[in-house]
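Me: Please take a close look at the enclosed space in this model and at what lines it. After that, I'd be glad of a walk through other spots in the chain that deserve a careful eye.

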Amino acid sequence: MRIGATIFNQNYGDWDRYEAEEQGKSVAKRAVRSDREIFNEEIGIARMADALGFDSVWTIEHHFTPYTMVTNPLQYLTYIAGITKHVDLGTMVTVLPWHNPVRVAEDVNMLDAFLGAGRNVICGVGRGLGRREYAGLGVDQNEARGRFDESLQVLTQLLATGQCDFDGEFYKIHGLRLRPQPERDLSVNLWCAGGTEQTVEIIAKHGVRPLTIPTTSLDIALANMRRYAALRRDAGYAPSHTKLALWTYVAETTSEAQAGAEQYMVEYANSALRHYELLGTHLKSIKGYEAYGAQSDALRKDPSPFTRGFFNSHPWGTPAQTIARATELAQAFGTDEIMFIFKYGAMPMAMAEKSMRLFAKEVLPALKELNPRPLAPEERASSSTVGSTPSGATA
């Protein structure tokens, strides 16, 4: 199994100032800690991953809030390509409704040309959830599903063949040819986040393989992946592995690991709750996001399942505990690659680096030996859950 490291670039300490400014209150114009200081600091995660034997480096796309500060993952990864020698590079994700899909294909193709033989661009795409982001980019969120569906078809054509003919509601493309001319089928490295039933239906229909980034709970994510497996089978495709993003914190003792994981995973969850406005009522009135709206109704009554969900279910602990929990999740999700997030919330870089180095020394070799089978449709009948067992209880 492949193991990656993911760069988030969060300025968690700026949330109170940001939200006060958004509400029109008088506040300082800049964060106490510079965004660019964090941005430049976390490039070190890529350098460490390349030196420590990780298979890949990933990053994400978000806009306008302290949640994360990578606005163009393919641009970011082009820089990472120049400071690394071994790792593949992946997006988790490029949000298709915010982009022209032709430009996304061009950027993937150009980065692939820079990497040359032996390294790959893994293009993870998704539909996006944040209301602030859709508004700031001038895209009607009610059009997200249609734009996503069409963009996915255009992108698949271009990555597979370098050519595209498409006649849709949002995109009309005829006789298009990419330059520089691609030298291989890049669509084999196209993956898509499936956070809702609607998105799962789209990607299964088109045979795009699933990337799981648990924005809610691991149980909900697993249910979506099992639904995907059945829909993929019904569409005539063979079973597929998933790729899975997980948060981790590794320390020599359980007590040390628990202290770090509990503080910073809860901080991360709090930042996600605030960025996506999951306690609001707006999502249930946006076309294609009704499922998130239902979850928001539940979270307003009790947000603790979300705010403590990452700590309660993701792999943290001693190396042995982390291996045990990550193995359990890899098998449940049928994954061929886990992308671990080592720095999140207000975690100091020194703590993240210590955890990542211990992970590379004692956890990474064991996880690379795993070979989970693809998630098959018949597994939908399983009654097991993955979302409620604290890592520290697995060893």
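Reply: A cavity here is a set of points on a 1 Å grid over the protein atoms alone, where a 1.4 Å probe fits but cannot get out; its lining residues have an atom within 4 Å of a point. Points are joined across faces, edges and corners, and the volume is the space filled by probe spheres set on them. Please keep in mind that the model is predicted: local features need pLDDT of at least 70 and side-chain atom pairs 80 or more, while totals for linings use all residues. Numbering starts from 1 along each chain, and side-chain values use heavy atoms, without hydrogens or water.

Let's go inside. Searching the whole structure turns up three cavities of 30 Å³ or more. The largest cavity holds about 440 Å³ of space. Its lining is made by 30 residues, and those closest to its centre are V93, G128, A193, T215 and Y276. Two elements give two or more residues to this lining: strand 3 (88-95) and strand 8 (209-212). (Strands are DSSP E runs of at least two residues and helices are H or I runs of at least four, numbered from the N terminus.) Strand 3 supplies the largest share of the lining, with three residues.

V93 deserves a second look. This residue, one of those closest to the centre of the largest cavity, belongs to strand 3. What kind of peptide bond joins M92 and V93? The bond is cis, with omega at about 15°. Another cis peptide bond links R179 to P180, where omega is about -5°. P180 is in the loop that connects strand 6 with strand 7 (190-193).

Stepping back from that loop brings us to strand 6 (residues 172-177), which runs antiparallel to strand 5 and is joined to it by four bridges; strands count as paired when DSSP finds at least two bridges between them. The link between strand 5 and strand 6 is a hairpin of four residues, and D167 has K172 as its bridge partner in strand 6. In a regular strand, side chains point alternately to the two faces of the sheet. Strand 5 (residues 163-167) shows a covered face with C164 and F166, and an uncovered face with Q163, D165 and D167.

Now to the loops early in the chain. N9 sits between strand 1 and helix 1, and its phi is near 60°, a positive value in a residue other than glycine. Is N9 buried or exposed? N9 counts as buried because its relative accessible area is 0%; buried means under 20%, exposed over 50%, and partly exposed in between (1.4 Å probe, protein chains only). One residue that touches N9 is T68, whose contacts (heavy atoms within 4.5 Å) also include F8, Q10, I60 and H62, leaving aside residues up to four places away in sequence. T68 lies in the loop from strand 2 (56-59) to helix 4 (73-83) and is buried as well, at 2% relative accessibility.

That loop also holds F64. F64 is not a glycine, yet it has a positive phi of about 80°. With 45% relative accessibility, F64 is partly exposed.

Just before strand 2 comes a well-covered helix. Helix 3 (residues 43-52) has seven of its 10 residues buried, so the rest of the structure largely encloses it. The buried ones are I43, G44, I45, A46, M48, A49 and D50. Their cover includes strand 1 (2-7), helix 2, strand 2, helix 4 and helix 15. After helix 3 comes G53, with a positive phi near 95°.

Finally, look towards the later part of the chain. Helix 14 buries P319, Q321, T322, R325, A326, L329, A330, A332 and F333. G334 follows directly, with a positive phi of about 60°. Further along, A346 occupies the loop between strand 12 (335-341) and helix 15 (349-368) and is partly exposed at 41% relative accessibility. A346 touches Y12, Y264 and E267, again setting aside residues up to four places away. E267 is 79 residues from A346 in sequence, while their C-alpha atoms are 7.3 Å apart in space.

Conventions: 1 Å grid on protein atoms, 1.4 Å probe; cavity = no way out; pocket = protein on both sides within 12 Å on 5 of 7 lines; lining within 4 Å.
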